[in-house]
Amino acid sequence: MTAMTNGNAPHPMIKMDQVHKAFGDNRVLRGMDLTIPRGSSMVIIGGSGTGKSVALKSVLGLITPDSGEIYVDGKPAGSGDRDAFLARFGMLFQGGALFDSLPVWQNVAFRLMRGALKRPAQEAREIAIEKLRRVGLKPDVADRLPAELSGGMQKRVGLARAIAAEPEIIFFDEPTTGLDPIMSGVINDLIREIVVEMGATAMTITHDMSSVRAIADNVAMLHDGVIQWTGPVAEMDQSGDPYLDQFINGRAEGPIEAVR
Amino acid sequence: MTPLSLLARLGRSTLAALAMIGRVALFTVSAFAHMLRPPYYPRELALSLLQIGWLSLPVVALTAVFTGGALALQIYAGGARFNAEAVVPQIVAIGMVRELGPVLVGLMIAARVTSSIAAEIATMKVTEQIDALVTLSTNPMQYLVAPRVLAALLTVPVLVGIGDIIGIAGGYTVSVHNLGFNSAAYLKNTVDFLEPLDLISSLVKGAFFGVIAATMGCYYGMQSGRGAQGVGSATKSSVEAAAVLILATNFILTGVFFSL
């Protein structure tokens with residue numbers, strides 16, 4: 001693999017080029033192409049099981065694609081020092097993925113308490129409390145265990161952990177799944193605010209259309225293992241793409257087969 | 001079913017079994033390699049020492065004391081058939097130290113520790129906590145597996161030593177209080193009869209069984225399938241594999257020490 005060159009234009013932050021991934025006979029990604037410009041917020045939509053999570057985990061190296069290239073900031077993903085590569089990312093997992101055995105502040109400061117970014121415990125705790133405050137949680141939450149928190153609070157803690165080390169790229173995996181509409185709105189607004197304020201590049205996967213409209217600069221629809229449509233969120237409603245129209249309007253009839 | 005297809009099925013099963021042995025062997029080597037290289041996680045090691053060592057003491061003590069007592073009764077009853085009741089102290093000592101102490105402690109550790117490690121790591125896997133560790137630049141082999149295997153390597157021989165002593169004490173109590181043995185003579189016979197090699201074999205077996213118990217828990221936990229069924233299946237398989245491997249290793253080690 002060679003690094004991309006693109007004249008004087010800056011590299012896109014993430015570029016996926018003909019990425020294929022199969023699990024046994026199930027061909028999940030069938031030549032996925034995607035470009036995410038630096039500092040933009042891309043939301044990938046698509047039905048359940050269409051490979052959105054696989055695409056996201058492929059960028060992080062949690063899943064190895066069968067073929068195709070993935071570039072992060074112009075360099076092949078996973079090349080060079082793995083820790084330095086991962087230090088550029090923050091990720092909010094669908095279920096929070098908080099560590100049960102650690103109090104909330106240690107979850108948030110996990111990256112700051114070990115490895116290359118290690119800080120003294122007191123400083124790490126202060127940063128954790130500041131990040132908790134940023135996501136709307138009071139400092140008294142810091143010493144509680146994740147199991148003592150509601151689903152919405154766990155999402156906020158996950159968000160605080162994702163931004164604790166001020167990453168350049170943040171991934172959000174189904175950020176509003178399992179939340180009531182009001183809490184979903186709060187989380188969507190928080191994500192948008194934080195991404196803008198940090199100037200980070202964001203990649204979100206969701207099927208929640210309110211999230212798409214709140215978070216996205218650009219939208220990509222994944223269907224049958226390829227990007228069916230991609231463009232600015234403002235153009236999504238007038239795309240003329242029957243697949244996208246069916247999905248965003250939640251219609252049972254259309255080119256996407258709906259099992260009853 | 002034709003003979004050829006039966007042969008093919010047998011071949012596939014054999015290859016699958018060999019591949020499995022290879023994967024477990026590589027996993028074990030990797031666990032030891034990760035013990036030796038930084039970063040080290042002393043907090044995780046301390047917690048594992050507590051969980052595997054200290055908190056296993058009650059179950060080990062109860063198992064040993066009842067086994068020692070029952071062994072004394074059995075040897076007395078069996079020995080009486082050819083006027084050899086007096087050998088109770090020697091046979092209890094050698095039976096506990098060479099065989100029953102390490103095997104029973106090993107099996108109790110498989111039941112208590114292997115199952116708990118497998119269930120914990122499998123749950124972490126299905127709730128994406130393992131993926132979260134990776135995205136936070138933390139190697140799960142180093143953070144989760146190495147401390148548990150090292151803790152088992154260090155503590156299970158100690159547990160076996162304690163189990164040996166408590167088992168002999170159980171035999172002593174039954175012999176002195178129920179079978180009319182002289183206390184001082186019983187202790188002298190026990191001490192005089194045991195050789196250093198008996199103790200060494202007991203502790204070496206303990207070290208092997210500890211590594212097997214922790215490694216099987218970690219391996220099956222990391223390989224867990226999805227959902228509650230995946231966690232249940234990983235836990236069941238880990239205990240089965242640990243118990244069978246402990247008994248098989250015991251046979252091999254007994255043969256090795258018998259030949260010395």
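The following exercises, each with a worked solution, concern a predicted model of two protein chains, A and B.

Residues are numbered from 1 along each chain as its sequence is written, and chains are lettered from A in the order in which they are written. Because the model is predicted, local features need pLDDT of at least 70 and side-chain atom pairs count only at pLDDT 80 or more, while totals for chains, interfaces and linings use all residues.

**Exercise 1. Determine the strand order of the 6-strand sheet of chain A, and state which strands stand at its edges.**

Step 1. Helices (H or I, at least four residues) and strands (E, at least two) are DSSP runs, numbered from the N terminus. Two strands pair if DSSP finds at least two bridges between them.

Step 2. The order in this open sheet of chain A is 6-7-8-3-9-10, and the pairing is mixed.

Step 3. Strand 6 and strand 10 of chain A each have a single partner strand, so they stand at the edges, and one side of each is left without a neighbour in the sheet.

Step 4. On average, neighbouring strands of this sheet are turned by 15 degrees against each other, direction ignored; such angles are taken between axes, which are lines fitted to C-alpha atoms (for helices over the stretch in contact), and run from 0 to 180 degrees between N-to-C directions.

**Exercise 2. Describe how strand 9 of chain A is paired and whether its faces are covered or not.**

Step 1. Strand 9 (residues 218-223) of chain A runs parallel to strand 3 (residues 41-45) of chain A, and 4 bridges join the two. Within this pairing, A:M42 has A:N218 as its bridge partner, and A:I44 has A:A220.

Step 2. With strand 10 (residues 226-232) of chain A, strand 9 of chain A pairs in the antiparallel sense over 6 bridges. Here A:V219 stands opposite A:G231.

Step 3. Strands 9 and 10 of chain A form a hairpin with 2 residues between them, and A:D224 in the turn has a positive phi of about 55 degrees.

Step 4. A residue is buried if 20 or more other C-beta atoms lie within 10 Å of its own, exposed if 12 or fewer, and partly exposed in between, with C-beta atoms placed from the backbone. In strand 9 of chain A, 6 of its 6 residues are buried.

Step 5. In a regular strand the side chains alternate between the two faces of the sheet. In strand 9 of chain A, A:N218, A:A220 and A:L222 are buried on one side, and A:V219, A:M221 and A:H223 on the other; both faces are covered.

**Exercise 3. Work through the 4-strand sheet of chain A, pair by pair.**

Step 1. This open sheet has the order 2-1-4-5, and its pairing is antiparallel. Strand 2 (26-36) and strand 5 (75-76) of chain A stand at the edges with a single partner strand each, so one side of each is left without a neighbour in the sheet.

Step 2. Strand 1 and strand 2 of chain A pair over 8 bridges; A:I36 is the bridge partner of A:I14. In their hairpin, which has 2 residues between the strands, A:G24 takes a positive phi near 65 degrees.

Step 3. Strand 1 and strand 4 of chain A pair over 5 bridges, with A:M16 opposite A:I70.

Step 4. Strand 4 (residues 67-72) and strand 5 of chain A pair over 2 bridges, with A:V72 opposite A:K75.

Step 5. Helix 1 (residues 52-60) of chain A lies across strand 1 (14-23), strand 2 and strand 4 of chain A, at about 115 degrees to strand 1.

**Exercise 4. Establish how far helix 5 of chain A is covered, and which elements its buried residues pack against.**

Step 1. Helix 5 (residues 151-163) of chain A has 13 residues and reaches 19 Å from its first C-alpha to its last, close to the 18 Å expected at 1.5 Å a residue. The expected span is 1.5 Å times one less than the number of residues.

Step 2. Of its 13 residues, 11 are buried, among them A:M153, A:L159 and A:I163.

Step 3. These buried residues pack against strand 6 (89-92), helix 3 (104-108), helix 4 (121-134), strand 7 (169-173) and helix 6 (181-198) of chain A.

**Exercise 5. State the secondary structure of chain B and characterise the crossing of its helices 4 and 6.**

Step 1. Chain B comes to 9 helices and 0 strands. Buried residues make up 42% of its 260 residues.

Step 2. The axes of helix 4 (residues 88-126) and helix 6 (residues 140-178) of chain B come within 7 Å and cross at roughly 145 degrees.

Methods
Contact = placed C-beta atoms within 7 Å.
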